[in-house]
Amino acid sequence: MLQSPPTPMPRIQVRGLAIQAGGRLVQQGLDFDVQAGEVLVIMGASGCGKSTLLRHLVGLQRPVAGTVRIDGDDLHAGSAAAQAARRRRFGVMFQAGALWSAMSLGRNLMLPLQLFTGLDDAECARRARYKLALVGLDGAFDLAPAALSGGMRKRAALARALVLDPTLLLLDEPGAGLDPANTARLDELVLNLRHHLGTTVVMVTHEIASIFAVADRALFLDDHAMTMTALGPPRDLLHSGPPAVRAFLQRGTGP
Ligand SMILES: Nc1ncnc2c1ncn2[C@@H]1O[C@H](COP(=O)(O)OP(=O)(O)OP(=O)(O)O)[C@@H](O)[C@H]1O
């Protein structure tokens with residue numbers, strides 16, 4: 001008898017998740033998987049809980065109910081050391097994209113390597129330079145963060161998120177505040193990472209062009225229903241998703 005091939009274990013598995021922000025329930029009943037090498041976009045109206053969900057996916061907040069598993073392991077199970085080791089699988093870039101202002105860009109990138117890898121300074125510097133080159137910031141190693149433009153700062157924050165070679169990358173509005181050309185450049189970087197390194201990416205974004213450019217699938221968080229109301233390839237959702245999701249996606253596809 002023919003057997004169907006085994007289903008690969010998802011990188012991220014979310015089951016029955018309920019999340020709070022500021023003591024208020026913002027989303028519940030969230031169920032989804034993110035497969036290895038997939039780019040999943042989280043979308044929805046402002047304030048629906050996208051950033052809060054991202055914080056739960058990296059274990060910075062504990063769920064009110066339900067579980068988040070990374071490579072099969074519950075994010076909150078085990079010792080504090082085991083949880084911290086699990087979190088190191090992530091590269092994370094939050095909205096502020098914060099860099100330490102008192103350190104050069106290069107030193108900002110070297111810091112996580114020095115803290116977590118035991119590599120010598122010369123090797124840390126070599127890896128920092130490589131990641132800066134990857135985001136088009138070759139030669140910016142000695143610059144102060146204050147000397148960077150908004151677009152450069154975003155790319156620098158992405159480089160820092162990548163410095164420990166994460167196989168899971170979580171990005172909160174990487175294009176916020178950028179012009180369309182720079183947003184498109186970041187989208188291209190994300191797709192290159194997936195293509196060359198097989199990185200799994202979860203990205204929160206409002207930018208419709210980015211959703212269509214990068215997402216294999218998009219997840220819609222509805223602020224009224226307080227749960228996810230759609231999950232699928234953005235083009236499918238644009239044509240046959242629920243009305244609120246079609247309206248959301250149509251904002252960027254008009255004449
Ligand atoms: N620390 C907090 N204290 C009080 N309320 C909070 C806190 N953090 C978030 N909230 C509220 O919880 C809700 C969800 O916030 P969250 O930042 O996750 O939404 P979002 O969908 O990412 O929004 P945006 O698209 O505007 O960034 C919002 O109504 C927000 O005002």
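**Exercise 1. In the hairpin of β1 and β2, find which residue takes a positive phi, and then follow the pairing of the two strands.**

Solution. In this predicted model, the hairpin of β1 and β2 has 2 residues between its strands, and G22 takes a positive phi near 55°. The next step is to follow the strands away from this turn: β1 covers residues 12-21 and is joined to β2 by 7 bridges, the two strands running antiparallel. Along this ladder I19 stands opposite Q27 in β2, and I12 has V34 of β2 as its bridge partner.

**Exercise 2. Place β1 and β2 in their sheet, state which strands lie at the edges, and name the helix that packs on the sheet.**

Solution. The sheet is open, has 4 strands and pairs antiparallel, in the order β2-β1-β4-β5. Reading the two ends of that order gives the edge strands, β2 (24-34) and β5 (73-74), each of which pairs on one side only. Helix α1, residues 50-57, packs on this sheet and touches β1, β2 and β4 (65-70), with a direction that makes about 125° with that of β1.

**Exercise 3. List the residues that surround the ligand, and determine which element gives the largest share of the shell.**

Solution. Begin with the list: the ligand is surrounded by A21, G22, V26, G44, S46, G47, C48, G49, K50, S51 and T52. Helix α1 contributes the largest share of this shell, with 3 residues. Sorted by character, the shell holds 3 nonpolar, 7 polar and 1 charged residue. The hairpin of the first exercise returns here, since G22, with its positive phi near 55°, is one of the residues around the ligand.

**Exercise 4. For the sheet of 6 strands, give the strand order, explain why β6 and β10 each have a side without a neighbour, and describe how β6 is paired.**

Solution. The order in this open sheet is β6-β7-β8-β3-β9-β10, and the pairing is mixed. Both β6 (90-93) and β10 (227-232) stand at the edges with a single partner strand each, and therefore one side of each is left without a neighbour in the sheet. Neighbouring strands are turned against each other by 15° on average, when direction is ignored. At the β6 edge, 4 bridges join β6 to β7 (residues 168-172), and these two strands run parallel; within this pair, V92 has L170 of β7 as its bridge partner. A helix also lies across the sheet, namely α6 (residues 180-197), which crosses β3 (39-43), β7 and β8 (200-204) and runs at about 160° to β8.

**Exercise 5. Classify the packing of α5 and α6 from their angle, and name the residues that make the contact.**

Solution. Helix α5, residues 150-162, packs with α6 at an angle of about 15°, and the axes are 10 Å apart. Angles under 35 degrees count as roughly parallel, and therefore α5 and α6 are roughly parallel to each other. Their crossing is right-handed. On the α5 side the contact is made by G151, K154, R155 and L158, and on the α6 side by N182, L186 and L189. These residues divide into 3 nonpolar, 2 polar and 2 charged.

**Exercise 6. Carry out the analysis for α3 and α4, and give the character of the contact residues.**

Solution. Helix α3 (residues 105-116) packs against helix α4 (residues 121-134) at about 120°, with the axes 9 Å apart. At this angle α3 is therefore oblique to α4, and the crossing is right-handed. From α3 the residues L105, G106, L109, M110, L113 and Q114 meet C124, A125, R127, A128, K131 and L132 of α4. By character, this contact consists of 8 nonpolar, 2 polar and 2 charged residues.

Terms used:
Residues numbered from 1 in each chain as written. Predicted model: local features only at pLDDT ≥ 70, side-chain atom pairs only at ≥ 80, totals over all residues. Pairing = 2+ DSSP bridges. Axes fitted to C-alpha atoms, helices over the stretch in contact; angles between N-to-C directions. Contact = placed C-beta atoms within 7 Å. Parallel < 35°, antiparallel > 145°, perpendicular 65-115°, else oblique. Left-handed = near helix turned anticlockwise from the far one by under 90°. Nonpolar A, V, L, I, M, F, W, Y, C, P; charged D, E, K, R; others polar. Near = placed C-beta within 6 Å.
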